[in-house]
Amino acid sequence: MPPAPIEKPIDAAIAMLDARIAPATVDAAVDAAPADATIDAGRAETRRCRAPTCWLEGAGCVTPTTEGAGVGGTGPTPCSSCSSKGICIDGGGRRCVAPWTPIDTPTGPRAISELHTGDLVFSIEDGRRVTVPIGRISTTSTLDHHAIELVLDDGTRRLISPGHPMADHRDVASLVAGERIGPRTIVSATLVRYPHAATYDILPVSGSGAYFSGGIPLGSTLR
C-alpha cells in the first residue's frame with residue numbers, strides 16, 4: 001500500500017492530484033523491477049521495456065516514432081520519445097500546461113483555462129517585460145498523456161507536458177532539481193500521469209511569444 005500523501009500548502013486542485021498519483025512510489029517500483037516486468041501502482045501502471053522501446057499504455061513496449069497518426073503510423077497517441085523511466089512521451093502537439101496553471105496578468109494571476117483571446121498578459125519583448133494581448137489560445141484533448149510535475153521552493157507546483165518549451169527554449173523535460181526557473185528553484189521534477197482531459201496554451205502578441213506563471217517564463221507551442 002502506498003504511503004499516505006504528505007499535506008502541503010497547495011490549492012485544492014493539486015491536493016486532488018496528489019491523492020490520485022503517487023509518482024515517487026511508482027518511480028521506486030520501476031527502478032526495482034526487472035526488464036519487461038509489469039508494475040501496477042493504482043492508476044499509474046507502467047512497465048519496464050528493453051531499449052530502444054518504451055511503455056505505452058494500451059500498446060505495450062513500442063518503438064518511439066514521430067511519423068503518422070500514432071505509433072508505427074496508427075493509433076491515437078504518438079510516442080515521440082522515452083522518458084528516463086522508460087515511459088512513452090506522447091507528441092501530437094500535446095505540449096502544454098494544466099488548466100489550473102496560474103498565468104500572470106496585470107490584474108493578478110488567472111487560470112489559463114479562463115483566459116480568452118484579447119485578454120492582457122505579461123510577455124517579453126527585447127528583453128523587457130511588457131503587457132500585451134493574447135493572440136491565440138489552444139485547448140488540446142489528451143489520451144494516456146504524461147506530464148512533468150515541478151515542485152518549487154515556495155511550495156507551489158506546475159504540471160507541464162515534457163516537450164513544452166521554457167522561454168529560453170529548453171524543454172520542460174530537461175529541467176532537474178536545483179535549477180532556477182525565473183524567481184523559483186526546482187525542488188523536484190517528476191514524470192506523472194496527466195489527470196486532466198485537455199492541455200492549454202496561449203500565444204501573446206509579442207516577438208518572444210513568452211508568458212509568465214508565478215514569475216516563471218514559459219514559451220509557447222503556438223509560434
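**Exercise 1.** In this predicted model, find which backbone oxygen lies 2.9 Å from a polar atom of the side chain of Thr142, then decide whether Thr142 is buried or exposed.

*Solution.* Start at the side chain of Thr142: the backbone oxygen at that distance belongs to His196. Next, place the residue: Thr142 sits in the loop that joins β10 (128-141) to β11. Finally, look at accessibility. Buried means under 20% relative accessible area, and Thr142 has 17%, so Thr142 is buried.

**Exercise 2.** Work out which residue pairs with Arg157 in a salt bridge, and classify both partners by accessibility.

*Solution.* The partner is Glu149, with N and O 3.2 Å apart. Glu149 has 7% relative accessibility and is buried; Arg157, at 8%, is buried too.

**Exercise 3.** Now try Arg184 and Asp153: what parts of the chain does this pair tie together?

*Solution.* First, confirm the bridge: the side chains meet at 2.7 Å, N to O. Then locate the ends. Arg184 belongs to strand β14, while Asp153 is in the loop between β11 and β12 (157-160), so the pair connects parts 31 residues apart in sequence. Both ends are partly exposed, Arg184 at 23% and Asp153 at 40%. To finish, add Asp154, which joins Asp153 and Arg184 in a salt-bridge network.

**Exercise 4.** Identify the residues with the most contacts inside the largest nonpolar core.

*Solution.* This core has 22 residues, and the ones to pick are Ile112, Leu150, Ile181 and Ile202. Strands β11 (146-152), β14 (184-193), β15 (198-204) and β17 (216-218) each provide at least two of its residues. As a last step, follow Ile181: its contacts include Leu150, Met166 and Ile216.

How values were computed. Residues are numbered from 1 along each chain as its sequence is written. This is a predicted model: local features need pLDDT of at least 70, side-chain atom pairs count only at pLDDT 80 or more; totals for chains, interfaces and linings use all residues. Side-chain values use heavy atoms; hydrogens and water are left out. A nonpolar core is a set of buried Ala, Val, Leu, Ile, Met, Phe, Trp, Tyr and Cys residues joined through side-chain atoms within 4.5 Å. Buried means under 20% relative accessible area, exposed over 50%, partly exposed in between (1.4 Å probe, protein chains only). Helices (H or I, at least four residues) and strands (E, at least two) are DSSP runs, numbered from the N terminus. Contact means heavy atoms within 4.5 Å. A polar contact is a pair of N or O atoms within 3.5 Å; within protein, one must be able to donate a hydrogen and the other to accept it, and residues adjacent in sequence count only if both atoms are side-chain atoms. A salt bridge is a side-chain nitrogen of Lys or Arg within 4 Å of a carboxyl oxygen of Asp or Glu. Lists of a residue's contacts leave out its neighbours within four places in sequence.
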